[in-house]
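Here are a few worked exercises to try with the model open beside you. Have a go at each task before reading the solution.

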Amino acid sequence: MKTRHLVIAFTIMAIAVVEYAALSRVNMSQLLRSVATGESGPVVGGSTPGPTPTPPYDVTHLLDPEKKFLGVAVDADADDPHVAKVEQFAKKVGKTPNLVPIYESFDDAFAAAEARQIYQYGALPVVRWEPFKPKLADIAAGKQDEYVTTFATAVRKLNLPIVLTFAHEMNGNWYPWGRQRNKPADFVAAWRHIHTIFAQVGATNVIWAWTPNVINPMPSVKLKPYYPGDEYVHWIGIDGYYTHKGKKTFDTLFEPTMRQIRGFTKKAFLLVETAAEPGGTRPDQIEDLFEGVADNPDVLGFIWFNINGSGLWNIDRDNASLRAFRAEAKNTAFGFRIE
Amino acid sequence: MVLAPERAEVDTPTGGTPPEPEVQRPGRYTGLLAVVPFLAALGIGTTGAGDRQMWNNEYATWHAATLSFRDLAHLLSNTDLVHTSYIMLVKAWIAVAGDSPLAMRLPSVAAMALAAAFLTLIGRRVVNTPVGVVAGLLFAGIPAISRYAQEARSYAVVTMLVTLATLLLLRAMERPGRLRWVLYGVSLVAAGMVHFASLVVLAAHLVLVGRETNGEDERRYQWAGSVGIAGLGVIPLLSFASRQSASISWIKADLDAVRNFPRELFLSWTAAGVVVGLALIGALLLWRAHPRIAPAVVVWAVLPIVFVYVTYPVLHMFLARYVLFTLPAWSLLAAAAICGLGGLVLRGRSWAWALGAVLLLPAFGYLVLPDQREVRASPVSGQPDYRGAIDAIRAGMKPGDGIAYNDVFGQLSDLAREAVDYEMRDDQRPRDVFVAVTSVARGSYSARECGSPGTPVCTAPEAERIWLISTGYGKDPLDGLPPERRKLLAAYKATPQGSFEMVRLVLLTRNAPAT
């Protein structure tokens, strides 16, 4: 074999390797799908018609899964995507979370890229839509329709499942959309209006999670007036934290709220935000949380709020808590891959 | 000796000069005789090509080829990405020739005829012209060749491309030059793009090159280079298509499958017995006369079959039609026997080959006649006679009629619906009462009916009359329908409209409301 034969052979092999590697990064199926459904803008008479539309992702099989959801909320921003942080948490606790919240303000564009990354990771994105600026009454009246329609269209286009919570903890008084400035009727009207726009656009790949706060801080605020109705809601989300001053067991923290809600709906519960304040009791409370969720067939799962904000909820450096979390997460009842 | 080449082989000169090519250069114009098998294959292929009704796989070809490019992209994102090349070919052809069964099968008929011609040219180079012509004629007479000539799928094109690639290799080996190697490489890429399994023939090519050349021969490296660069052209398809899971888990490789393999490959026990038997003799005769070339032909005939069997656990490709491209090699070996046997009987006469050919070829043709008729039977054996039922619908249809399917046979492949889509493509169609999402919208070959998960519940049909195509196995044509649909159809009276092969047609007329 002459030298030039070897050179040519190696060149061909090198090109082959590079070619295969480069092409492996191209997901042809996704590319073809986006060609098929992507650039179909408004169909003007005479222009090439868009493709017959893909049916929306069917979320039915996710509504009542056999195993429990286990999620984690992480601090992310434009430079620091969710999935990387979620993966770090997953390594620490030995289980892959399958619910990942994305917090979006009511003037943000839909974070489709993040949602897609989360889905490809194997988790369900939970979009927490927060109307900081517009009033609920205005949203209900249609003043935000253009924005909502754009958002809904983007959700439809993504065509992957997402959970959507709008104006969570509406029974509290610490958010602009809270009870201190809005009537329950405003909230319900806004929720129904947004739901209708999503339905019109065909974005049925959304799991609607109505999410009040636990009633313990304000037991006299009744939840039924805030409930939009079974046709507008898939899941009942609950936000509730184990605090030093407040309730410290699953039953005392969540049961009263769940009992009240059972008075007007039979939908399943999901603890969309929960965590515990630091201290010697945190590991026990983590155990208590896991057991409470595991024992209650009405509860679909929970999302651990691992961000320091209103309290020091992050457990990344709390080894005792991590150990407890890890031990509890071994339970095979928790966690499954979202497909 | 009858199998002697037409020119004397060149002696290897002594000294340091490289040996002259040993591949034979046949007489100049004898290549034109390839027209004979070409016309034979063309004639045999066109006979009855338009009569047999289309079936499952051919409906799929039509479905894919008649989609808009956007819808096709959608379909390919889900399935059948490997068939893109063939689908594009058919798409272009349909635009010119229309989509009748005959029109859709013509490319395959032409491809098989070309394969016969190329085989003749190969035989001419490898042995001599008579063997080539006999091989081509024998090839044209095999029932499996007729069957896949009359099939709107890529098997004929693959066979033609593999035969062409082998011919181009022989030409490149005879007189190496850039153009000839480039043509060879391009034919390899084309074959690989249409069907991966065809590239197994490279083993035969390797043997050919290896035995024809020694280590010093430049042609070895030219071959390796051509194959390497051709590989670069096939890698994209490999990379993209490997993501799509193979939808071929129904293929079996058990004892039954192996025992029936010869029949599946030739589509005739007679042809299988005759050709394989003669091929065994022919291999021996060829090995004695042409020790350099015989191994390559044997490898071409045998290795792909062994390969798909051995790799079955991984590749699931143990299916006779995937190795249809071995039939040219089998024909060539058998032709060597036919001509060689004549030579054994009439020693030394140069026309001795004619004895074998004149006796054995017509006998072969006569013996496989029943099998030739069988491969042209309509519908394809084991498939329901959808066309018969649909013709009945067309005859008795009224505006406002609906249509429903109880396609237990077709199941997930949604065959009955595909059949109606095709057979009534130019007609007014009855309204599909139970469809929720069309196959085109789903980017799939099958539609979604109401009442499945994720689709709305079935509602009472508006139509007064509904045609029901049933391929169920129960006594009642409605057996096998989901209960909610049966309930909805209980408001109708069923009148049988005819029984066809594996299909029952029922006309449901709405009961008059109680006054």
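## Exercise 1: a salt bridge into helix 20

At 16% relative accessibility, Glu449(B) counts as buried (buried is under 20% relative accessible area, exposed over 50%, partly exposed in between, with a 1.4 Å probe and protein chains only). Before going on, some ground rules: this is a predicted model, where local features need pLDDT of at least 70, side-chain atom pairs count only at pLDDT 80 or more, and totals for chains, interfaces and linings use all residues. Residues are numbered from 1 along each chain as written, chains are lettered from A and ligands numbered from 1 in the order written, and side-chain values use heavy atoms, leaving out hydrogens and water.

Task: find the salt-bridge partner of Glu449(B) and place both residues.

Step 1. The partner is Arg417(B), with the closest N and O atoms 2.8 Å apart. A salt bridge here is a side-chain nitrogen of Lys or Arg within 4 Å of a carboxyl oxygen of Asp or Glu.

Step 2. Glu449(B) sits in strand 4 (residues 448–449) of chain B and Arg417(B) in helix 20, so you're looking at a link between parts 32 residues apart. Helices (H or I, at least four residues) and strands (E, at least two) are DSSP runs, numbered from the N terminus.

Step 3. Arg417(B) is buried too, at 5% relative accessibility.

## Exercise 2: two more bridges in chain B

Task: say which parts of chain B are joined by Asp99(B) with Arg425(B), and by Asp401(B) with Arg465(B).

Step 1. Asp99(B) and Arg425(B) form a salt bridge at 2.9 Å, N to O. Asp99(B) is in the loop between helix 4 (84–97) and helix 5 (101–126), while Arg425(B) is in the loop between helix 20 (415–423) and strand 2 (431–432), so the pair ties together parts 326 residues apart in sequence.

Step 2. Check the burial: Asp99(B) is buried at 18%, whereas Arg425(B) is partly exposed at 21%.

Step 3. Asp401(B) pairs with Arg465(B) in a salt bridge, their closest N and O atoms 2.8 Å apart. Asp401(B) lies in the loop between helix 19 (386–396) and strand 1 (402–406), Arg465(B) in strand 5 (residues 465–470), 64 residues apart. Both are buried.

Step 4. For context, the count over all chains is 30 salt bridges. Chain B also has a salt-bridge network linking Arg52(B), Glu58(B), Arg105(B), Arg147(B) and Glu151(B).

## Exercise 3: the annotated glutamates

Task: where do the "active site" positions of chain A lie, and what do they touch?

Step 1. The unreviewed UniProt entry puts "active site" at Glu169(A) and Glu273(A). They span 105 residues in sequence, yet no two of their C-alpha atoms are more than 10.2 Å apart, so they gather at one spot. UniProt positions follow the numbering used here, feature names are shortened, and annotations may be inferred rather than shown by experiment.

Step 2. Glu169(A) is in the loop between strand 4 (162–166) and helix 8 (184–201), and Glu273(A) is in strand 7 (residues 269–274). Glu169(A) is buried at 5%; Glu273(A) is buried, with a relative accessible area of 5%.

Step 3. Beyond four places in sequence, the contacts of Glu169(A) (heavy atoms within 4.5 Å) include Trp174(A), Asp239(A) and Glu273(A). Those of Glu273(A) include Tyr103(A), Arg128(A) and Glu169(A).
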